[in-house]
Amino acid sequence: IPRPPRSTPLYSSAASDVYKRQALEVYRANFPDHEAVSMDLSNEYAALQLLNSYQPNLVIGGPPCQDFSSAGKRDESGGRASLTINYANVISQYRPTFFLMENVARAANSQAFKAALNIFKCAGYGLTIQLLNASLCGTPQSRKRLIVVGQLDGKDGFLDSALLGGLSDKPLTLRQYFHNRLPFEHYYRHPRSYARRAVFSIDEPSPTIRGVNRPVPKGYPGHAGDPVPVNSAIRSLTTRERASIQTFPASFELPGTKSEVEQVIGNAVPVKLAEYVALALSRYIQQTKCITVTC
């Protein structure tokens, strides 16, 4: 979708100050001509005022997903999960022609997500709801994301064929994506517990890139699912390799400390997955001519 003169990402104060600062620094480093605003999405009035100042016909949001994530402590009934409701309220009051909301797969079972869908429906939106695996959308990584696209006065499922029609038949492997640019055949990815495998081959998609990146521990016991035993040649991925698996371009700047950058990489939606969804929506808009798109 052609980019407007200014795009304004909103960052909620419910996230840590460190992450807000880091997210803004990364955005500004790569999009210096775009305005980036840090504000609390739970202040719906302020968010509406900001949207009214820009008058966008498409709003894209990813309310913080930590409360639904399989990593870490979850609180699916409150805390950051409530920002999903705030986002839905802002959309229902501003009423753009289209909106997009993304989250982790398990968010679909949360009460906050179900309440948000009800708000969208009451505001007159037709909804497309799909769970997409990044490995089928041009990304060499098994990473599922819940995608909700709404069209004002549209029909439910309006974007289903566009989103599903372009999926690959098979998951994309690291070897297929990088060809001969990786200097290894196997690598280490620290598991949440030693009941899970930790060694992976480049002839398969990467497991989900998380916000932590640990070296091989001296006491790693090995796992029956590891394709090869751990030896001196097996190492964890570098920060830049992890960013590449998230399909960030090589020119993308990642300022900050190593731990901050690793967190930003792990929290990101893969670039190629975002591009896949955006192109599907762009084609639908062009075909239906439901809004005017200018380059």
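Let me start with Glu275. Its relative accessible area is 36%, so Glu275 counts as partly exposed. One thing to keep in mind throughout: this is a predicted model.

Glu275 has a partner, Lys272. Their side chains meet in a salt bridge, 3.3 Å from N to O. Where do Glu275 and Lys272 lie? Both are in helix H9, residues 271-288. They are three residues apart, about one turn of the helix. An α-helix has 3.6 residues a turn, so residues three or four places apart point the same way. Lys272 is also partly exposed, because its relative accessibility is 31%.

Salt bridges also form a network. Arg21, Glu25 and Glu260 are joined into one through shared partners. How many salt bridges does the structure hold? Eleven.

Next, a pair that spans two helices. Glu262 and Arg242 form a salt bridge, with their closest N and O atoms 2.5 Å apart. This pair links distant parts of the chain. Glu262 sits in helix H8, Arg242 in helix H7, and 20 residues separate them. Are Glu262 and Arg242 buried or exposed? Glu262 is buried, and Arg242 is buried too.

Stay with the link between those helices for a moment. Thr247 is in the loop between helix H7 (239-245) and helix H8 (258-267). Its phi is positive, about 65 degrees, although Thr247 is not a glycine. Thr247 is buried: its relative accessible area is 4%, and the cut-off is under 20%.

Compare that with Gln55. Phi of Gln55 is near 55 degrees, again positive in a residue other than glycine. Gln55 is in a loop as well, between helix H2 (44-54) and strand E3 (58-61). But Gln55 is exposed, with a relative accessible area of 54%. So for anyone checking backbone angles, here are two places to look: Gln55 and Thr247.

Now to Arg175. Arg175 forms a salt bridge with Asp203, and the closest N and O atoms are 2.5 Å apart. Arg175 lies in helix H6, while Asp203 lies in the loop between strand E8 (199-201) and H7, so the pair ties together parts that are 28 residues apart in sequence. Both ends are partly exposed. Arg175 has a relative accessible area of 30%. Asp203 is at 45%.

Arg175 has another acidic neighbour, Glu185. The two side chains make a polar contact at 2.5 Å. Glu185 belongs to the loop between helix H6 (174-178) and strand E7 (186-188). At 40% relative accessibility, Glu185 is partly exposed. What does Glu185 touch, leaving aside neighbours within four places in sequence? Arg175, Phe200, Ser201 and Ile202. One more distance here: Glu185 and Leu174 are eleven residues apart in sequence, and their C-alpha atoms are 9.7 Å apart.

On to helix H4, residues 111-122. This one gets a geometry check. At 1.5 Å a residue, its twelve residues should span 16 Å. The end C-alpha atoms are 17 Å apart, which agrees. Which residues of H4 are buried? Ala112, Phe113, Ala116, Leu117, Ile119 and Phe120. They cover an arc of only 160 degrees around the axis, so they lie on the same side of H4. The face turned away from that side carries exposed Gln111 and Cys122.

What do the buried residues of H4 pack against? Helix H3 (82-94), plus three strands: E4 (98-104), E5 (125-133) and E6 (144-152). After H4 comes Gly124, with a positive phi near 95 degrees.

Strand E6 brings me to the last residue, Arg145, which lies in that strand. Is Arg145 buried or exposed? Buried, because its relative accessibility is 8% and the cut-off is under 20%. The side chain of Arg145 makes a polar contact with the side chain of Glu102, at 3.5 Å. Leaving aside neighbours within four places in sequence, Arg145 is in contact with Glu102, Asn103, Val104, Gln130, Leu131, Leu132 and Leu273.

That's the tour. Happy to take questions.

Notes
Residues numbered from 1 in each chain as written. Predicted model: local features only at pLDDT ≥ 70, side-chain atom pairs only at ≥ 80, totals over all residues. Heavy atoms only, no water. Helix = DSSP H or I, 4+ residues; strand = E, 2+ residues; numbered from the N terminus. Buried < 20%, exposed > 50% of the residue type's maximum accessible area, 1.4 Å probe, protein only. Expected span 1.5 Å × (residues − 1). Arc of directions from axis to C-beta. Contact = heavy atoms within 4.5 Å. Polar contact = N/O pair within 3.5 Å; in protein donor to acceptor, adjacent residues only side chain to side chain. Salt bridge = Lys/Arg side-chain N within 4 Å of Asp/Glu carboxyl O.
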